[in-house]
Amino acid sequence: MPDHIQENLDHDGVDRRGFLKCMAWAGTGTFCLLQGGVLKSFALTDVIQKNLGNLGGDLSFVQFSDSHIGFNKPANPDVTGTLREAIAKVNALPTPPSFVLHTGDLTHLSKPEEFDTLAESLKSLKTERIFYVPGEHDVLNDNGQAFHERFGQGTQDGGWYSFDQKGAHFIGLVNVMNLKAGGLGNLGSTQLEWLEKDVAKLKSSTPIVVFAHIPLWSVYPQWGWGTDDSEQALSYLKRFGSVTVLNGHIHQTMQKIEGNITFHTACSTAFPQPQPGQADSPGPLKVPTEKLRALLGITDVSFVRGKHTLAIVDSSL
Amino acid sequence: MRRWKTKKNSAANVFRIAILATAALSLASGALGRRFVATAEEKPKSNAVTIDNFSFAPMQLEVPAGTQVTWINKDDVPHTVVSLDHTFKSRALDTDESFSFTFQTPGTYEYFCSVHPKMTGRIIVK
């Protein structure tokens, strides 16, 4: 299919066909609306199916996850190549994302040359800034020292941090350190205390976006897909009207809405993993080459205000 | 799974070639029976732990004091071998990499993979 505009109804440089083509690759992402201080999210496929065209808004950002630079086995011997494809897709968006979140497992083996390749590749991303949190593959042999030196500037001692954008509060958490035998992901008491203080000063109407590598909800504990002390962290966020939790680790999209909290996991840019319990172990899923790209992706998140957006909310709910 | 079969086949081939080579050598030296038995006999593997499908096999291993235990990673992702009391701790083992530790003191040693902590195992030293 040629890449040219066939119907440009909104005069925004993107038609439905082109938009669908781009987003089909990105998989089922999350689309968030900031409306009257309340963040609402929808499956991106729903938004696409309703022919909504341009998603440009006050703030949009993209989530990358699980690049696993250094992995070289089936089904993807070229993870740097697929990362570059993901970057190219983002750079082709009509409006560049305000920033990018990388939710960990930048590398496969925490090797300096793997970090080099990741950093070098992401330099070509058209965005203002990239925020990182580590995955367990980034902190393998040195307790995360190399990761934190390169990607954790301006963070707390343990690597966690927060920042504000367009009235929303973003919190990057680290749940891959000091894991306990038999356990799941772990935040630890020091980080929990910091989190409680960090959000104490915020109004309950502030939209909250939390991002961390391992899911902060119990996806499939048998495979370690959850975080032991996530409930305590989430208890500090209960009073907020809108909380969005973005994770990686499980190399597939999954979404759950629980009260005021929407949980979403992103695809990997490297290789897919099996659905919970659908294999002997959570090891890399070996798929035919022609099916690989359909199982990889990124997550596109947009905050939109305005009349046009209100219409979207009505039709989606 | 495909990788496993391929390795098995190539290992079997190597084994067959070794037998043939030994047989030829034995014929030349006139001591076929003794040499053939010595080659075909597998070394005891009771001191080996295989890491496969995100688990340690066997999960529990009993060895006499002084035994060197070797863990080998057959998974496509890295794993570690870390004892709870920090008696031993490996670096991250990539596919086909191994780690060995010699147990001198009798006791029960619980260990896990610090990358995937659901993976646990036990070495009992008599």
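Trainee: Which way do the side chains point along strand 1 of chain B?

Mentor: In a regular strand the side chains alternate between the two faces of the sheet. Along strand 1 (residues 48-52) of chain B, Val49(B) and Ile51(B) point to one face and are buried, whereas Ala48(B), Thr50(B) and Asp52(B) point to the other face and are not buried. A residue is buried if 20 or more other C-beta atoms, placed from the backbone, lie within 10 Å of its own, exposed if 12 or fewer do, and partly exposed in between. Strands (E, at least two residues) and helices (H or I, at least four) are DSSP runs, numbered from the N terminus. Please note that this is a predicted model: local features need pLDDT (the predictor's confidence in each residue, from 0 to 100) of at least 70, side-chain atom pairs count only at pLDDT 80 or more, and totals for chains, interfaces and linings use all residues. Residues are numbered from 1 along each chain as its sequence is written, while chains are lettered from A and ligands numbered from 1 in the order in which they are written.

Trainee: In what order do the strands of the sheet containing strand 1 of chain B lie?

Mentor: Pairing is read from bridges: two strands pair if DSSP finds at least two bridges between them. Here the order is 2-1-4-6 in chain B, an open sheet with mixed pairing. Its edge strands, each paired on one side only, are strand 2 and strand 6 (98-103). Strand 1 of chain B runs parallel to strand 4 (residues 67-73), joined by four bridges, and Ala48(B) has Thr70(B) as its bridge partner there. With strand 2 (residues 55-57) of chain B, strand 1 pairs in the antiparallel sense over three bridges, one partnership being Thr50(B) with Ala57(B). The hairpin of these strands has two residues between them, and Asn53(B) takes a positive phi near 50 degrees.

Trainee: Which strands are at the edges of the sheet ordered 3-8-7-5 in chain B?

Mentor: The edges of this open, mixed sheet of four strands are strand 3 (60-63) and strand 5 (82-83) of chain B. Strand 3 pairs in parallel with strand 8 (residues 120-125) of chain B over four bridges, where Val63(B) is partnered by Val125(B).

Trainee: Which residues have the most contacts inside the largest nonpolar core?

Mentor: A nonpolar core is a set of buried Ala, Val, Leu, Ile, Met, Phe, Trp, Tyr and Cys residues joined through C-beta atoms within 7 Å. The largest has 76 residues, and Leu173(A), Val210(A) and Ala212(A) have the most contacts inside it. Helix 3 (residues 79-91) of chain A gives the largest share, five residues. Beyond its neighbours within four places in sequence, Ala212(A) is in contact (C-beta atoms, placed from the backbone, within 7 Å) with residues including Thr103(A), Val133(A) and Asn247(A).

Trainee: How many residues does each chain bring to the contact between chains A and B?

Mentor: Chain A brings 17 residues and chain B 18.

Trainee: Where does pLDDT stay under 50 in chain A?

Mentor: Residues 1-56 of chain A are one such stretch, and residues 305-317 of chain A are another. Chain A averages a pLDDT of 80, with 77% of the residues at 70 or above. Among its elements, helix 9 (residues 307-316) has the lowest mean, 21, and helix 6 (residues 189-200) the highest, 98.

Methods: Contact = placed C-beta atoms within 7 Å.
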